[in-house]
Amino acid sequence: MRIIGITGPTGAGKSLLTSYLDQAGIPTIDADSVYHGMLLPPSECLNSIRQAFGDGVFAPDGSLDRAKLGSLVFNSKEKLELLNGTVLGNVLCEIRRLISDYRRRGFDTVAVDAPTLIESGFHRECTTVISVLAPEELRISRIIERDCISREKAELRVKAQKSDDFYIQSSDFVLINDGDADKFKKDLSKLFEELGLQ
């Protein structure tokens with residue numbers, strides 16, 4: 001089975017690529033959605049987060065206070081790496097299970113959209129790795145609009161991310177999503193043709 005790994009920093013616009021894959025009939029597993037599904041108590045993933053970060057990132061009802069956790073990890077690369085190391089094992093197990101399910105259902109290609117595809121090592125299980133990159137200022141603007149947060153918080157998220165070179169070094173293909181929709185569509189069409197997805 002062909003596994004297309006999609007990654008890139010927050011705000012780069014990976015969703016535009018996944019929407020085209022969807023139109024081509026290729027299912028996409030969203031690692032963020034998988035992770036958020038694991039945050040419904042009770043869960044092993046929540047227990048691991050509590051052990052790593054303490055009770056302070058939890059609400060009185062036992063649910064995860066994602067805003068508190070986010071403010072911690074996006075202010076510290078060390079804490080972000082701790083979070084990734086804490087939850088990635090659980091997320092990867094579920095992603096592998098979903099891939100197997102698609103295989104049983106007769107799909108020969110599946111895409112995995114994962115911000116930490118490379119950090120987790122899962123990129124080595126992919127047939128092809130595509131990184132979507134964008135200029136920093138554009139990423140900040142997209143994050144502000146998408147998440148309704150202040151510029152200061154958006155900048156902290158961007159600063160907590162890996163450099164473009166980090167993604168480029170581990171990718172088979174790189175797409176630049178700089179706001180020029182027509183150019184991005186042309187680049188996608190060329191890439192899909194090269195990968196035999198059309």
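**Salt bridges, helix packing and residue exposure**

The side chains of Glu81 and Lys162 form a salt bridge, with N and O 4.0 Å apart. Glu81 belongs to helix H5, while Lys162 sits in the loop between H7 and helix H8 (164-169), so the pair ties together parts that are 81 residues apart in sequence. Lys162 has a relative accessible area of 33% and is therefore partly exposed. The model described here is predicted.

A search of the whole structure finds 12 salt bridges. One of them joins Asp147 to Arg157, and their closest N and O atoms are 2.6 Å apart. This pair links distant parts of the chain, with Asp147 in helix H6 and Arg157 in helix H7, 10 residues apart. Asp147 is partly exposed, at 29% relative accessible area.

Another salt bridge lies within helix H5. Arg97 pairs with Glu94, and the closest N and O atoms are 2.8 Å apart. Both residues lie in helix H5, three residues apart, which is about one turn of the helix. Arg97 has 43% relative accessibility and counts as partly exposed. Glu94, at 22%, is also partly exposed, because the buried class ends at 20%. Salt bridges also form a network, which links Asp101, Arg104 and Arg105.

Helix packing comes next. Two packed helices are described by the angle between their axes and the distance between the axes. Helix H6 (residues 136-147) packs with helix H7 (residues 151-159) at an angle of about 125°, and their axes are 9 Å apart. H6 and H7 are therefore oblique to each other, because the angle falls outside the roughly perpendicular range of 65 to 115 degrees and is not over 145. Their crossing is right-handed. Between H6 and H7 runs a loop that holds Cys148. Phi of Cys148 is near 55°, a positive value in a residue other than glycine. Cys148 is exposed, with a relative accessible area of 70%.

A second pair of helices is H1 (residues 14-23) and H9 (residues 181-195). They pack at an angle of about 50°, with their axes 11 Å apart. This pair is therefore oblique. H1 passes H9 in a right-handed crossing.

Helix H5 spans residues 77-104 and includes Leu92. Leu92 is buried, at 11% relative accessibility. Leu92 and Tyr35 are 57 residues apart in sequence, and their C-alpha atoms are 9.4 Å apart in space. Gly89 also has its place in helix H5. In contrast to buried Leu92, Gly89 is partly exposed, with a relative accessible area of 44%. The C-alpha atoms of Gly89 and Gly54 are separated by 19 Å, and these residues are 35 apart along the chain.

Met38 is found in the loop between helix H2 (31-37) and helix H3 (44-53). This loop residue is buried, with a relative accessible area of 16%. Met38 and Arg103 are 65 residues apart along the chain, and their C-alpha atoms are separated by 23 Å.

The surface also carries a nonpolar patch. Ile168, Val174 and Ile176 make this patch, which covers about 220 Å². Ile176 lies in strand E5 (residues 173-176). Its relative accessibility is 39%, so Ile176 counts as partly exposed.

Conventions. Residues numbered from 1 in each chain as written. Predicted model: local features only at pLDDT ≥ 70, side-chain atom pairs only at ≥ 80, totals over all residues. Heavy atoms only, no water. Patch = residues over 30% accessible without salt bridge, like charges linked within 9 Å, V, L, I, M, F, W, Y side chains within 5 Å. Areas by Shrake-Rupley, 256 points an atom, 1.4 Å probe, with all protein chains shown as cover. Helix = DSSP H or I, 4+ residues; strand = E, 2+ residues; numbered from the N terminus. Buried < 20%, exposed > 50% of the residue type's maximum accessible area, 1.4 Å probe, protein only. Axes fitted to C-alpha atoms, helices over the stretch in contact; angles between N-to-C directions. Parallel < 35°, antiparallel > 145°, perpendicular 65-115°, else oblique. Left-handed = near helix turned anticlockwise from the far one by under 90°.
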